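Biologist: I am new to this structure. Please take one part and look at it closely, then go on from there to the rest.

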Amino acid sequence: MKKQWNKVKLAAGMMSILLLVAGCSTQTPSGSPQSSGAPSATNTAAKDEVIVAVGGEKESGYDPCTGWGSSGTPIFQSKLLDTDTNNQLKNDLAIEYSVSKDGLTWTFKIRNDVICHDGEKLTAKDVAFTYNKTKENGISTVDLTLLDKAEATDDTTVVFHMKSPMSTFIYQTAALGIVPEHAYGDPTAYAQKPVGSGPYRFVQWDKGQQLIVEANENYYGGTPPFKRLVLLFLSDDAAYAALQAGQVDVAKISENLAVKGMSGYNLVDCKTNDFRTIALPVQKPGETSKEGYAIGNEVTSDLAIRKALANGINRQKIIDTVLNGYGEVAYTVSQGLPWDNKEVILTDGNVEAAKKILDDAGWVDTDGDGIREKNGRKAEFSLIYASDDSTRQSISMAFSEQAKTFGINVITEGLSSADRNPRKHKDAFMLGGGDYNPTPVYNALYGAYAAKGGWYNIVAYKNPTVDKYLEAAIAATTQEEANQYWQKAQWDGTTGGSILGDAPYIYVANISHLYFVRDGISIGEQKIHPHDHGFAVLGNIMDWSAVK
């Protein structure tokens, strides 16, 4: 009966949303949206159930061995390690770990009081199983390429044997949720009805609508703050309508909708590693990828074009105008993180510097149309963005407008995924990404990944000096040593993959993740969010609370 009640409740809520979208909401003269169902600021009673609009659905299901939760939070599963609000690693299942001097053996001791949702005990054998299965699956979101095998030497000890040292392995342990081997069986079935040892257990998944989870009463980390979570899969517009109707407690929202405000709710601005960058092909045309896609661009392959854009674009203005102030200026892929090179910074929006760079390189406007030319070629190229992403569209258009002020014509095009793929190595791309670890530096700059498939290093960047730094960073046996090499890969004073060096990417901003939260509910101090948006807000679910 309890499950049936929730389905009826959701159906009624969705009907209200449909009515609102159809035009049944009203606006006050000040522009603040209201509706007859809007919650009041005094609605602060303690809640057994919280309804969260998390945005997009994980259509492939909830199996960590195929990628679930690796850039957000696998709410059903525990991890060996986790991250805190300062992006520092902390224990989860693990109580301690050690690394051999040669970096080839990692040994983790885990808790002995961990009970799965089905009542079975979770042991080191389950940890080993998860890592071996994930490696076998070869998913890209958890990098286990240098793992040879994982083995449990007893119920509380798991040993990871590496093929060669891998400094980033420690961060993979804070990304991969642990699945109990006894419950895994058919991977497809497991993804539909996951079992784990995390703070909430799976109840039901109504595809295209909602995911219902309930508190794990045996959770080793304490008593979860709410007995039940209902996670709705709503677009930003539908989530805003649901907020107006008072049908949700927490909702992910866009920058444009955030500024409208919402009676009875607080806006929470979550800081992120979620960057937006313009990827610029660095090679001249002529080569073709294994996928059959053309590589290279006559204009962006000129370093002067890339350097001019890096200097001339006003990032703060884009944040202020396009993102309504919700974001932070970014110059690198790892802005503000321990492996970021703090020297990679320049005067934002320096149009005069951009003009001089272009002048010195022979890019001059000879016909007076405002666009520079060199050797008869216009300083002109296409910038591709996902057609269903309004934020990327707006940033792309603002980037284009600013580039014109110093003589570069950037033609923006919104395309579907199928249409974007063939052009990813020959046209500029508006990309997004970001994670809790340094691997985005590696993925973006490593020469072996240049135009080799997927979305790593689509600009076909190759710099042997940078490759040596990246390889040294991976092989380092301490995080301090690794960070020095990550930083040098970005800029060593002479060369690097940042805007001070070869400028293959023009980073613009780390966008904010925005949520309306009902008065009387606290979502605690949020961690720094990765690229994954909706589910990331649940990463500190044990710190959530409601006024009693």
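Modeller: Start with the loop between strand 4 (81-83) and strand 5 (89-91), where N87 lies. The model is predicted. Phi of N87 is near 65°, a positive value, and N87 is not a glycine. Is N87 buried or exposed? N87 has a relative accessible area of 7%. Buried means under 20%, so N87 counts as buried.

Now set N375 beside it. N375 sits in the loop between strand 19 (373-374) and strand 20 (377-378). N375 is not a glycine either, yet its phi is positive, at about 55°. Its relative accessibility is 79%. Exposed means over 50%, so N375 counts as exposed.

Next, the nonpolar cores. In general, nonpolar side chains tend to be buried together in soluble globular proteins. Here the largest nonpolar core has 67 residues. Which of them touch the most other members? They are L80, F108, Y131, F160, F169, L470 and W486. Take F169 from that list. Its neighbours within four places in sequence are left aside here. Beyond those, F169 is in contact with W106, F108, Y131, L144, F160 and M162. There is also a second, separate core, with 39 residues. Among its members are V299, Y331, A379 and Y385.

Then the cysteines. How many disulfides does the structure hold? The count is zero. C116 shows why no bond forms there: its sulfur is 13 Å from the closest cysteine sulfur, which belongs to C65. A disulfide needs the two sulfur atoms within 2.5 Å, so the pair is too far apart for a bond. C116 counts as buried, because its relative accessibility is 1%. C270 is buried as well, at 2% relative accessibility.

Last, helix 11. This helix covers residues 390-404, which is 15 residues. What span should it have? At 1.5 Å a residue, the expected span is 21 Å. The end C-alpha atoms are 21 Å apart, so the model agrees with the expected span. Look at the start of helix 11 too. There, a side-chain oxygen of D389 comes to within 3.1 Å of the backbone nitrogen of T391. T391 is one of the buried residues of helix 11. The others are R392, I395, S396, A398, F399, S400, Q402 and A403.

Note on methods. Residues are numbered from 1 along each chain as its sequence is written. This is a predicted model: local features need pLDDT of at least 70, side-chain atom pairs count only at pLDDT 80 or more; totals for chains, interfaces and linings use all residues. Side-chain values use heavy atoms; hydrogens and water are left out. Helices (H or I, at least four residues) and strands (E, at least two) are DSSP runs, numbered from the N terminus. The expected span of a helix is 1.5 Å times one less than its number of residues. Buried means under 20% relative accessible area, exposed over 50%, partly exposed in between (1.4 Å probe, protein chains only). A polar contact is a pair of N or O atoms within 3.5 Å; within protein, one must be able to donate a hydrogen and the other to accept it, and residues adjacent in sequence count only if both atoms are side-chain atoms. A nonpolar core is a set of buried Ala, Val, Leu, Ile, Met, Phe, Trp, Tyr and Cys residues joined through side-chain atoms within 4.5 Å. Contact means heavy atoms within 4.5 Å.
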